[in-house]
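Welcome! Take a moment to look over the chain before you start on the exercises below.

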Amino acid sequence: MATVHLRIGDLVWGKLGRYPPWPGKIVSPPKDLKKPRGKKCFFVKFFGTEDHAWIKVEQLKPYHPHKEEMIKINKGKRFQQAVDAVEEYLKKAKGKDQTHSDDKSKSDKGRKAAKPMKIIEEDDEDAFKGGSSDKEQTDSDPEPSSVRRLVAGTVSGFKWESSPVKDDPHFHHFLLSQSEKPASSMEPITKRLKIIEEDTRSTSIQAADSTAINGSITPTDKRIGFLGLGLMGSGVVSNLLKMGHVVTVWNRTAEKCDLFIQEGARLGRTPAEVVSMCDITFSCVSDPKAARDLVLGPSGVLQGIRPGKCYVEMSTVDPETIMELAQVITSRGGRFLEAPVSGSQQLSNDGMLVIVAAGDRSVYEDCSSCFQAMGKTSFFIGEAGNAARMMLIINMVQGSFMATIAEGLTLAQATGQSQQTFLDILCHGQMASTFVDQKCQNILQGNFKPDYYLKHIQKDLRLAISMGDSVNHPTPMAAAANEVYKRAKALDQSDNDMSAVYRAYIH
């Protein structure tokens, strides 16, 4: 295979491990960062991020010859932003080159021909160890000629090598970042992936990498099914389709499928048909009864399960229901994972859910691209039932907190205090959060359009209290909040947002 010749300042497509190619530029590495021994690679700065990485030469392609190819196979907002950043960079570089071309021509007449920059080849182990050419090149001002030219020696039929990302301190990549604030560019990956071994039933907790918010993802080639197109499910399916997954949908009210069919989804006539057609089937319904009926009812999931079929229960239900569903699915040779989500309709639409999974670890890994499309972070916490327990605790805290905030707002009003001032003070203190600000603003505006149904948070409180009873653990705060939500339901607030609990205090 012919050698691809690259040099500092060249625009390239860089591929790291199993992640998709990303546009970048070969730059000089920091002085204190040595090239990995034994690796034929270049130091690349990625566009649209603050990240860098040593990339093996066989994982690099020249930018211009492969631009159309990459744009066709990669989708996503962050990916497009990165490509736009490249084009803006090229535009500025061209303008700068034109502005100074006359001056350069004049000065070049009385100057010796500059020493040509050394072309770094695959076998050049000492390329980045020093040299005046490297030092003169800067990250922000590469040689304009390197921007204009197309790299010679492009290899036809080039194939990306697929290899896992190892815990290498020389690698730093946006696909492995967990927060909006970038970590130190030289921080080892192992410091940013949270892995905790526990002595409890949760064998591990691992924060998965998210690429839905950090760039394009490579969708799984497995066929995906999705059952339930409610507030949460609709956003999930939309993001799966946007990221290129092949999705078959079903909903009890068939009309809800129409929009997704228009977006490219396939239609399943029954849950059993969806499961039989797909490799991995997700479900997201309202409560334990609906979850059981979906699996055990007429034309239900169980009738379509065959050995090797994967079923992922995303509904927030009690651990007993999860254990029952896991048992019947696996008894037919199926593979089971629970993966309830923490979030709201808006977060679902934005692909920013938090997924808490438990059960078959191999299914969790098979769902990687799906979880990246629908959420910002995912956790795996051991055996089936653990995710249900954790999610009920999370929602118990959230529901109790919302009831307390509503109580504070109404008490402020009853004592002659400004509710807006109460909110302003709250949002400038230690309890400040997007959740508090949005929910309180909606309350003050009288906007109770559902983002998370009040009836569902009350269901979660009830299930959490029952779970506490099963282990003889007191839940007095949750019990008090549950009573307030029950009163709100009696006031016909069930189908409003959970923030409508406010109305229980003013009637």
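**Exercise 1: a loop residue**

Leaving aside its neighbours within four places in sequence, which residues is Thr475 in contact with?

*Solution.* Before starting, note that this is a predicted model, where local features need pLDDT of at least 70, side-chain atom pairs count only at pLDDT 80 or more, and totals for chains, interfaces and linings use all residues. Residues are numbered from 1 along each chain as its sequence is written, and side-chain values use heavy atoms, with hydrogens and water left out.

Step 1. Find Thr475 in the loop between H17 and helix H18 (476–490). Helices (H or I, at least four residues) and strands (E, at least two) are DSSP runs, numbered from the N terminus.

Step 2. Look for contacts, meaning heavy atoms within 4.5 Å. With neighbours within four places in sequence left aside, Thr475 is in contact with Met396, Ile465 and Gly468.

Step 3. Check burial: buried means under 20% relative accessible area, exposed over 50%, and partly exposed in between (1.4 Å probe, protein chains only). Thr475 counts as buried because its relative accessibility is 14%.

**Exercise 2: the whole chain**

Find how many helices and strands there are in the chain.

*Solution.* Step 1. The chain has 18 helices and 16 strands.

Step 2. Of its 507 residues, 49% are buried.

Step 3. Take the contacts with a separation of 6 or more: residues 24 or more positions apart account for 67% of them.

**Exercise 3: the largest nonpolar core**

Work out which elements give two or more residues to the largest nonpolar core.

*Solution.* Step 1. A nonpolar core is a set of buried Ala, Val, Leu, Ile, Met, Phe, Trp, Tyr and Cys residues joined through side-chain atoms within 4.5 Å. The largest one has 35 residues, and those with the most contacts inside it are Phe226, Leu240, Phe282, Val312, Met314, Phe371 and Met374.

Step 2. The strands giving two or more residues to this core are S8 (224–227), S9 (247–250), S11 (280–283), S12 (310–313) and S15 (353–359). The helices doing so are H5 (231–242), H12 (361–366) and H13 (368–374).

Step 3. H5 supplies the largest share of this core, five residues.

Step 4. Another core lies apart from this one; it has 31 residues, among them Ile405, Ala464, Ala481 and Met498.

**Exercise 4: Met314 up close**

Is Met314 buried or exposed?

*Solution.* Step 1. Locate Met314 in the loop between S12 and H10.

Step 2. Met314 has a relative accessible area of 2%, so it is buried.

Step 3. Leaving aside neighbours within four places in sequence, the contacts of Met314 include Phe226, Phe282, Ala339, Pro340 and Met374.

Step 4. Met314 and Gly228 are 86 residues apart along the chain, and their C-alpha atoms are separated by 10.0 Å.

**Exercise 5: two helix pairs**

Find the angle at which H8 and H10 pack, then look at H15 and H16.

*Solution.* Step 1. Two packed helices are described by the angle between their axes and the distance between the axes. Axes are lines fitted to C-alpha atoms, for helices over the stretch in contact, and angles run from 0 to 180 degrees between N-to-C directions.

Step 2. Helix H8 (residues 288–296) and helix H10 (residues 319–331) pack at about 5°, with axes 10 Å apart. H8 and H10 are therefore roughly parallel. (Angles under 35 degrees count as roughly parallel, over 145 as roughly antiparallel, 65 to 115 as roughly perpendicular and the rest as oblique.)

Step 3. Among the residues making this contact are Ala291 and Val295 of H8 and Leu325 and Val328 of H10.

Step 4. The axes of helix H15 (residues 419–426) and helix H16 (residues 434–445) come within 10 Å and cross at roughly 175°. That makes H15 roughly antiparallel to H16.

Step 5. On the H15 side, Gln419, Gln420, Leu423 and Leu426 meet Val436, Asp437, Cys440, Gln441 and Leu444 in H16.

**Exercise 6: cysteines**

How many disulfides does a search of the whole structure find?

*Solution.* Step 1. A disulfide is a pair of cysteine sulfur atoms within 2.5 Å. The search finds zero.

Step 2. Cys427 is in no disulfide, as the nearest cysteine sulfur, that of Cys440, is 6.4 Å away.

Step 3. Cys427 counts as partly exposed, at 22% relative accessibility, while Cys278 is buried at 1%.
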